[in-house]
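User: I should like to learn how to read an interface between two chains and then a pair of strands. Please give the general idea first and then the case at hand.

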2 protein chains.
Amino acid sequence: MDMESWQFPPRYDAAYRPDAGSRYWFPVRETMPAGDRDRAILSRLQEVCRYAYAYSNFYRRKWDEAGFHPEHLRALEDFEDKVPVITKRDLRESQARAPSFGDYLCVPDSEIFHIHGTSGTTGRPTAFAINRTDWDAIANAHARIMWGMGMRPSDTVFIAAILSLYLGSWGALAGAERLGARSFPFGAGAPGMTLRAASWLNDVKPTVFYGTPTYALHLADTALKEGLNPREFGLQRLLFSGEPGASIPSVCDKLIEAYGARVFDSGSMAEMTPWMHASGTAESSPGMLLWQDIVYTEVCDPQTFRRVPYGQRGTPVYTHLERTSQPMIRLVSGDLTVWENGPTPCGRTYPRLPQGIFGRIDDMFTIRGENVYPSEIDAVLNALSGYGGEHRIVITREGAMDELLIRIEPTAEVFGNAQRQQAFKQEVHGRILKTLAVRAMIEVVEPASFPRTDFKARRVIDDREVFRELNQKLKA
Amino acid sequence: MDMESWQFPPRYDAAYRPDAGSRYWFPVRETMPAGDRDRAILSRLQEVCRYAYAYSNFYRRKWDEAGFHPEHLRALEDFEDKVPVITKRDLRESQARAPSFGDYLCVPDSEIFHIHGTSGTTGRPTAFAINRTDWDAIANAHARIMWGMGMRPSDTVFIAAILSLYLGSWGALAGAERLGARSFPFGAGAPGMTLRAASWLNDVKPTVFYGTPTYALHLADTALKEGLNPREFGLQRLLFSGEPGASIPSVCDKLIEAYGARVFDSGSMAEMTPWMHASGTAESSPGMLLWQDIVYTEVCDPQTFRRVPYGQRGTPVYTHLERTSQPMIRLVSGDLTVWENGPTPCGRTYPRLPQGIFGRIDDMFTIRGENVYPSEIDAVLNALSGYGGEHRIVITREGAMDELLIRIEPTAEVFGNAQRQQAFKQEVHGRILKTLAVRAMIEVVEPASFPRTDFKARRVIDDREVFRELNQKLKA
């Protein structure tokens, strides 16, 4: 079978590019019958497991303990039955034991090409070591997927996310470079950069934007305040990762409205780079496809880590098929999604995440017996015409009587009119009750009360003190 | 003559690397008799001028007006006699006339690989468009020069300067990647990044650091405050550009003291990327060599733009020999240096800048007939044992009676003792008088009065209001 040179370790011709008219980077791999692909994936899994067992103490120890050996892998079902999952905590422990890159680094230090990491905002950061072979394969995978979104060498890609530890920006850059497009790696995060980004977008007029949804909306606001119209930047495609949002219809609509451009969701986890392996395409968007021949994704029950049937909710469990430096084999994301199967508008034979990745398993909280995800609240609020763009979700988990408080900014118009403000408050209450079957307290706050962020918004506050204080204030 | 494939446009084998034991990346090019090199440079200049005349309206217009044609170039002397200089202002005007990249862009838009720019803190920013051929040549040049500093593929390079418009960080990254070293492109500039940089340096222990001298000292302070000792980071080489400092003996000593590592100065201008063409080497440091076969540098009289004799002060005028996308031909830097010739400890046959680039022609001010450069004041203050690390230079240019005020932070010990503070003040006054023949007013301010910066320090304040105010306060 012609697998367009699909092999492990991956080796791609750096000069390869499909015909400009081709919808697909790798037509065979992207459109083959899913059953054929599954058979090929099994071969890759066998190779990857043998490789990891041979070169990594981490996997050998873990699998020996679990009674798994790569030779036991004879069918795809064996993979979920026999291979234990790993977690971010396992990775952190491995790196504490074997600094700096853990004993799941399968190549010698001398092969390392790039070092990146997690920001470590919670707990010990994790270091990523990527060798040249993997970097080239990542670039190829991202170029391939960006091609699938409709990008071509004539595009100019503006990268508006910090270029530092965060692998998101680097992956987008490597893909744009490999595709043969023009890269404008602007970055983000330093004081004054947002305004300057707006000015450069207006001057250079790139056709593609990469960043987080939160930041893109903040940038649009900043531009408008300076008298620049983001719709005149000439952007055609907005490509997002780093947080949900681009797959939330109301947020997606706001992005389209602000920039007059198409919106693409993408991304799984930094550990899983090439993280674009979950991505929308030109014809299959919104939502994301799972490019199973790059990263094999199982959407699993979060207790058993067995695949849930298509159409059901679960947490993605990821396995690299093209990484040699720090291959992840059954890494639990802790994220939340629904997967589906069947024909896709773009003709690719991959499973789909129609709502993208919309939350975290551990973000879920329970309000009087109802399971609630913050992303569901985000979606409800984003759909309200009077919504001012930011809110905070304050929860308690004190015993059975959990309480939910939503602090919300309306638009300046709504805030300035006592009657409309009251109506807005009731509307929020009603919509939350209707959609989530939960009674929430609503506090309307002044527009621009909450700081806008250059990166991922953190909107959930789980703080009993804060809650008590606000509660008293509201009841007073 | 074997020029190690020296040609225009440049074409280098991306797989080439010298033997690990070789001092030189290109032994022939780096050590050839200067006269032979000059003959080869003349050929390159002829090629570059013909190329620019053919592909750039900017140069054709400028040269037609000046009566210069590439065919007139028959000796190296013709170059300084007949080719008009260009300035940053010319570039800005060209970009205003022909957005976004000016009519000195000699390649079609479709060839552009990376877009960067100046930060535009003063006036209209300038956009840089670099094609793939140039990017590869830049990477080769930087790898070559970093090799000359003693770097090898076993090194890990920590890049501690913002990855955005600023080409400094990208050039260091491209060089490290091309050399085969491990790159840790950390960046800088976002809130909290300095502390995190210290933590990652301590964990990963890179061997090479790239940034500005000001930021390296700030980072060392930040680390020490957190109980981390920068000497334990294990850095062996500190590589600087972006501002003078690494060639100022007292600043250099501070950097060595803080990190216990060797210090290398490098860099000319972003427009001149590969900016490392002026750089120290393992054996010829402090100071910088002019790698004349990459960028042809003439240190010139700032009025006539003819070369000054070796041993004299002048402003560097630069010409690219290996750039096809936005080649600079006789770009006036406005910087200030002294150049020398003769044998170098490393055996390279390039001219030297023993004091690096130590100021700006237009930074010069006159105090009662004496020409003073802020860098000279910096050097005097940095050499004082009681100096606390920051100062401001306040000047007026009001008529003949110019005044100079130096506001200086001493160490906490000196500040805390009235007698020592008084002695320090007198010492500053005396040293300035002795070295610069100028009588300055000295104001001792509390340690940490002046903000430390992530990037280039701006210490000169030319503000009559500020001056009058301070003057009155001091005389009161």
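User: How many residues does each chain give to the contact?

Analyst: In this predicted model, 38 residues of chain A and 38 residues of chain B take part in the contact (heavy atoms within 4.5 Å). Local features need pLDDT of at least 70, side-chain atom pairs count only at pLDDT 80 or more, and totals for chains, interfaces and linings use all residues. Residues are numbered from 1 along each chain, chains are lettered from A in the order written, and side-chain values use heavy atoms, without hydrogens and water.

User: What area is buried between chain A and chain B?

Analyst: Interface size is often given as the accessible area lost when the parts come together. Here, about 3000 Å² is buried, with 62% from carbon and sulfur atoms (1.4 Å probe, summed over both parts). On the chain A side, Ile115(A), Arg182(A) and Trp200(A) lose the most area to chain B, together 21% of what that side buries.

User: How many salt bridges are there between the chains?

Analyst: The count is 0 salt bridges (Lys or Arg side-chain nitrogen within 4 Å of an Asp or Glu carboxyl oxygen).

User: Which way do the residues of strand S6 of chain A point?

Analyst: In a regular strand, side chains alternate between the two faces of the sheet. In S6(A), residues 237-240, Arg237(A) and Leu239(A) point one way, Leu238(A) and Phe240(A) the other, and all are buried (under 20% relative accessible area, 1.4 Å probe, protein chains only). Strands here are DSSP runs of E, at least two residues long.

User: How many bridges join S5(A) to S6(A)?

Analyst: S5(A), residues 208-211, runs parallel to S6(A) and is joined to it by 4 bridges (pairing requires at least two DSSP bridges). Gly211(A) stands opposite Phe240(A).

Key: Buried area = accessible area lost by both parts, 1.4 Å probe. Buried < 20%, exposed > 50% of the residue type's maximum accessible area, 1.4 Å probe, protein only.
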